[in-house]
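Reader: I'd like a close look at a single part of this model, with enough context to know how far to trust it. Could you walk me through it?

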Amino acid sequence: MIKEPNNQTNTPLEDELILKLYQGEACTTPPEALLKTIQAQAAHSLSKPGLKIFIPRAWVVGLSFIGLVGIALGIFHWSKPNAEYEIVSPLERGRKPLFNPFQPRNNDDFVSPAVSSGFLTDEEPLGNLSAPPPLPPPGDAETLFLQAMQLQMDGNFQLASNLYRMAWMKNPEGRRQQDVLFNWALCLKQTNRTRQAIERLKLLQKINPDYPGLNEVMGNLP
Amino acid sequence: MGRSNIEGQTQLTDEILFSRYKAGDNASFNTLLAKHKNQVFTFILKMVKSQAHAEDIFQETFFKVVERREQFRSDVSFKAWLFTIARTTTIDALRKKKRTPEDLDDEGQIEGISVETNAHENVVEGELGSLLTEALKKLPPEQRETFVLRVKSELTFEEIGEVMVCSTNTVKSRMRYAMDTLGDYFRKKGLLKEIT
């Protein structure tokens, strides 16, 4: 054992004497009032079940981190009105709501979900309308057409117009194709999108110039 | 709880008593407190040398024992756990005061303390008592802690190692140094020669 300088090693007898000296020293007792306070605290603490709940610190840190990431993503997501359409996969597009609740109701500013989701653009030439969309929404053309008709009769031209667009993307055949185009144009006209309405009517005119009511509607357009 | 029941409880190990307290038996805590109060208080007093300060630390120590009871693992020594809390609470209290134990030594006037003698009776009184206190002041803090924990608190070397977060060999080494330093001091005072 390494010795500290200037210290002489004790003999076993000296060690024994030193220990006896200190062991003979009186022990100190804390005041009785202090002990009573501690006992009362111990008894009181037993009645508090909350103390038994122990959450590991790692859990707290982990959950806090996940929460912060969630909040950050939420802020990022909701700060962009059309974000939900931009980040969904093509397979999920058909299940998205027709209307973005954060979208202004102003017709001039309105962009339909089909447009915002990348199926079509308002400026897209009509010649491309015949091209099948990459992944159309669920429901066949007939169902969509009937739903659109109902909305049109209820006066909800904006929504009806969107459904006609979706029905069109399902490639309806024969007379139904013409019905879709005609009614779609009517709805577009009702929502002051005259230029687009005329384009649809012109297409219908090429397909079937004798479509009932087509000439009357064309005549009423500028 | 009757006296016989308390006497019966003292036969149980500290770990079992503390487990019983955790399960809702308050009497077990009182038994543990009665068993260790003097050793813990003496240890704290030797570290801070101020009665009022020692009382505060003593109370805080046992409050922590109560609050942290769910953290106690029954596979470790209760006594080591108790003295670990006492030691860290003492160190924290000293840091709060921004003083070292050495500084506090000069403050120490132990007055009006009720004392309880052990088996060796009152062999240490008056002048000799002051001499023993003075001798302890000569020790470096870690040697003094080791010596008090071993001799006054009667912890094993292993338990002291747990309390002071060091190896058993280190504890033994510190104890040896402390004994030799005390021996030198007493030799200079002629005390060991007188007794021998």
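Author: Sure, let's begin with the chain that holds the part I'd pick: chain A has 10 helices and 1 strand. Helices here are DSSP runs of H or I with at least four residues, strands are runs of E with at least two, and both are numbered from the N terminus. Along the sequence, chain A reads α-β-α-α-α-α-α-α-α-α-α.

A bit of housekeeping. The model is predicted, with local features needing a pLDDT of at least 70 and side-chain atom pairs counting only at pLDDT 80 or more, while totals for chains, interfaces and linings use all residues. Residues are numbered from 1 along each chain as its sequence is written, and chains are lettered from A and ligands numbered from 1 in the order in which they are written.

How confident is the predictor? The model scores ipTM 0.75 and pTM 0.51. For chain A the mean pLDDT (the predictor's confidence in each residue, from 0 to 100) is 74, and 65% of the residues reach 70 or more. One stretch of chain A with pLDDT below 50 is residues 121–125, which has 3 contacts in the model beyond near neighbours in sequence; a contact means that two C-beta atoms, placed from the backbone, lie within 7 Å. Residues 131–136 of chain A also stay under 50, and there the model has 12 contacts beyond four places in sequence.

Now the part itself: helix 6 (residues 141–153) and helix 8 (residues 174–190) of chain A. Two packed helices are described by the angle between their axes and the distance between the axes. The axes of helix 6 and helix 8 of chain A come within 11 Å and cross at roughly 30°. Axes are lines fitted to C-alpha atoms, for helices over the stretch in contact, and angles run from 0 to 180 degrees between N-to-C directions. Helix 6 and helix 8 of chain A are therefore roughly parallel to each other; that label covers angles under 35 degrees, with over 145 being roughly antiparallel, 65 to 115 roughly perpendicular and the rest oblique. Their crossing is left-handed, so the near helix is turned anticlockwise from the far one by less than a right angle, whereas clockwise would make it right-handed.

Who makes that contact? From helix 6 of chain A come A:Ala141, A:Glu142, A:Phe145, A:Ala148, A:Met149 and A:Gln152, and helix 8 of chain A supplies A:Arg176, A:Asp179, A:Val180, A:Asn183 and A:Cys187. By class that's 6 nonpolar, 2 polar and 3 charged residues. Ala, Val, Leu, Ile, Met, Phe, Trp, Tyr, Cys and Pro count as nonpolar, Asp, Glu, Lys and Arg as charged, and the others, Gly among them, as polar.

Further along chain A, A:Leu221 sits in the segment after helix 10 (214–220). Beyond four places in sequence, A:Leu221 is in contact with A:Lys189, A:Thr194, A:Ala197 and A:Ile198. The C-alpha atoms of A:Leu221 and A:Thr194 are 7.6 Å apart, with their positions 27 residues apart along the chain. Even so, A:Leu221 counts as exposed, because it has 12 C-beta neighbours inside 10 Å. The rule: 20 or more other C-beta atoms within 10 Å of a residue's own means buried, 12 or fewer exposed, and in between partly exposed, with C-beta atoms placed from the backbone. Of the 222 residues of chain A, 24% are buried.

For comparison, chain B has 11 helices and 1 strand, and 37% of its 196 residues are buried. Helix 2 (residues 14–22) and helix 3 (residues 26–48) of chain B pack at about 140°, axes 7 Å apart. Helix 2 of chain B passes helix 3 of chain B in a left-handed crossing. B:Asp14, B:Leu17, B:Phe18, B:Arg20 and B:Tyr21 of helix 2 meet B:Asn26, B:Ser28, B:Phe29, B:Thr31 and B:Leu32 of helix 3. Those residues divide into 5 nonpolar, 3 polar and 2 charged.

On confidence, chain B averages a pLDDT of 79. Within chain B, the mean is lowest in strand 1 (residues 115–116), at 36, and highest in helix 9 (residues 157–164), at 92.
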